[in-house]
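Work through the exercises below with the sequence and the 3D structure at hand. Each task is followed by a solution in steps.

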Amino acid sequence: MTRKIKILIIFLFLLGGWGLWQEPDQIQAKSAKNIYRELGQNLCERKSSFQVETNYNSTARFIVKAINGRSTSKYYKVFFLAGKYYDQEDDFEDGDYAWGNVSDVYCYYGSGALHFDAQYLESRKKGKKVTKLVKKQAEKIQASCQTNYQRIWQTYCYIAKTVKYDHRKNPYYSAWGGLVKGKTVCNGYALICYRLLNQMGIPCRFVTGKIKDGKKWYLHAWNIVEIDGKWYNLDSCQDDWGKKPYTDYFLKTDKYFSKDHKRDSFYRTKSFKKKYPMSKKNYKAEEN
């Protein structure tokens with residue numbers, strides 16, 4: 001093989017493989033919103049391995065550091081934003097539910113993309129079972145109630161009757177665990193409440209943070225719900241003490257909840273508070 005042919009082959013190889021050798025800053029940049037939207041879509045579809053193409057910008061760096069660093073608040077913030085930017089109207093398996101269903105995620109950056117390996121609390125098959133049960137129960141509650149207050153209360157009652165707190169060493173964290181196996185932890189309680197209320201057209205959000213028990217704070221999840229134009233906190237897990245739920249944490253203000261509940265920082269931003277204006281007074285309950 002002549003020297004000229006060797007040089008030509010090397011040149012063609014380098015030319016063809018240029019895409020593989022590009023520096024990260026030469027890959028097309030994506031906005032933070034688009035990166036999180038793609039992440040949210042993949043989580044909603046429960047993909048176990050996927051990638052999001054982008055250059056190594058500040059958003060990509062934050063995601064890698066937040067997920068692998070395991071700072072709880074930053075870790076949750078990634079999935080909160082993924083749910084925020086991939087939230088399709090009338091699809092209650094995306095948004096809050098999609099990120100609340102995340103079990104564990106690993107992430108790294110390479111070859112012009114963020115690479116993710118994800119595990120979920122419930123599979124697509126289990127998710128379909130949850131959807132079937134939610135729709136069936138929502139229809140029953142809807143038919144038996146006249147007001148949204150009654151629907152929220154009956155949802156609370158249904159959860160108390162159906163679900164018990166899972167005290168096992170390896171508990172269920174999912175809505176599936178609560179609806180199918182009859183036991184789950186706070187995360188599952190909040191996801192069930194989120195799905196049922198939204199299914200009936202009652203705006204509800206899944207909220208994460210911490211709860212105080214004695215002098216210690218523990219990871220926790222609950223909900224906020226809109227009724228009569230104002231938003232209220234409700235914690236179906238904390239109020240589940242038997243066949244009929246307590247009302248200690250039912251339709252309460254932030255001030256009331258602050259005694260032992262603390263939201264994660266991304267639920268305390270000005271933009272979030274503006275979008276979800278919390279009532280200054282506890283809801284005056286109707287006769288239960």
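**Exercise 1. Find which residue stands opposite Ile224 in β8, and describe how the two strands are joined.**

Step 1. The residue opposite Ile224 is Asn233 in β8. Helices and strands here are DSSP runs, numbered from the N terminus: H or I over at least four residues for a helix, E over at least two for a strand.

Step 2. Strand β7 (residues 216-227) and strand β8 (residues 230-234) run antiparallel and are joined by 5 bridges. Two strands count as paired if DSSP finds at least two bridges between them.

Step 3. Another bridge partner can be read off: Asn223 is matched with Leu234 in β8.

Step 4. Between β7 and β8 there are 2 residues, and the two strands form a hairpin. Asp228, in the turn, has a positive phi of about 55 degrees.

The model is predicted: local features need pLDDT of at least 70, side-chain atom pairs count only at pLDDT 80 or more, and totals for chains, interfaces and linings use all residues. Residues are numbered from 1 along each chain as its sequence is written, and side-chain values use heavy atoms, with hydrogens and water left out.

**Exercise 2. Place β7 in its sheet and state the order of the strands.**

Step 1. Strand β6 (residues 204-213) pairs with β7 in the antiparallel sense, over 10 bridges. Lys210 stands opposite Leu219 in β7.

Step 2. β6 and β7 also form a hairpin with 2 residues between them, and Gly214 in the turn has a positive phi of about 75 degrees.

Step 3. The open sheet has 5 strands in the order β9-β8-β7-β6-β10, with antiparallel pairing. Its edge strands are β9 (250-252) and β10 (261-263), each of which pairs on one side only.

Step 4. From one strand to the next, the twist averages 45 degrees. Axes are lines fitted to C-alpha atoms, for helices over the stretch in contact, and angles run from 0 to 180 degrees between N-to-C directions.

Step 5. Helix α7 (residues 148-162) lies across β7, β8 and β9, and runs at about 125 degrees to β9. Contact means heavy atoms within 4.5 Å.

**Exercise 3. Decide whether strand β3 is largely enclosed or not, and list its pairings.**

Step 1. Of the 8 residues of β3 (residues 113-120), 6 are buried, so the strand is largely enclosed by the rest of the structure. Buried means under 20% relative accessible area, exposed over 50%, and partly exposed in between (1.4 Å probe, protein chains only).

Step 2. Strand β1 (residues 49-53) pairs with β3 in the antiparallel sense over 5 bridges. Glu53 stands opposite Ala113 in β3.

Step 3. Strand β2 (residues 102-110) pairs with β3 in the antiparallel sense over 8 bridges. Tyr109 stands opposite Leu114 in β3.

Step 4. β2 and β3 form a hairpin with 2 residues between them, where Ser111 in the turn has a positive phi of about 50 degrees.

**Exercise 4. Describe how helix α6 and helix α9 cross.**

Step 1. The axes of α6 (residues 124-144) and α9 (residues 186-199) come within 9 Å and cross at roughly 50 degrees.

Step 2. This makes α6 oblique to α9. Angles under 35 degrees count as roughly parallel, over 145 as roughly antiparallel, 65 to 115 as roughly perpendicular, and the rest as oblique.

Step 3. Val130, Thr131, Val134, Lys135, Gln137 and Ala138 of α6 make the contact with Arg195, Leu196 and Gln199 of α9.

**Exercise 5. State how many disulfides the structure holds, and examine Cys157 and Cys193.**

Step 1. A disulfide is a covalent bond between the sulfur atoms of two cysteines. The cut-off is a pair of cysteine sulfur atoms within 2.5 Å.

Step 2. The structure holds 0 disulfides. For Cys157 the nearest cysteine sulfur, that of Cys145, is 9.3 Å away.

Step 3. Cys157 is buried, with a relative accessible area of 9%.

Step 4. Cys193 is in no disulfide either, and the nearest cysteine sulfur, that of Cys204, is 4.8 Å away. Cys193 is buried, with a relative accessible area of 1%.
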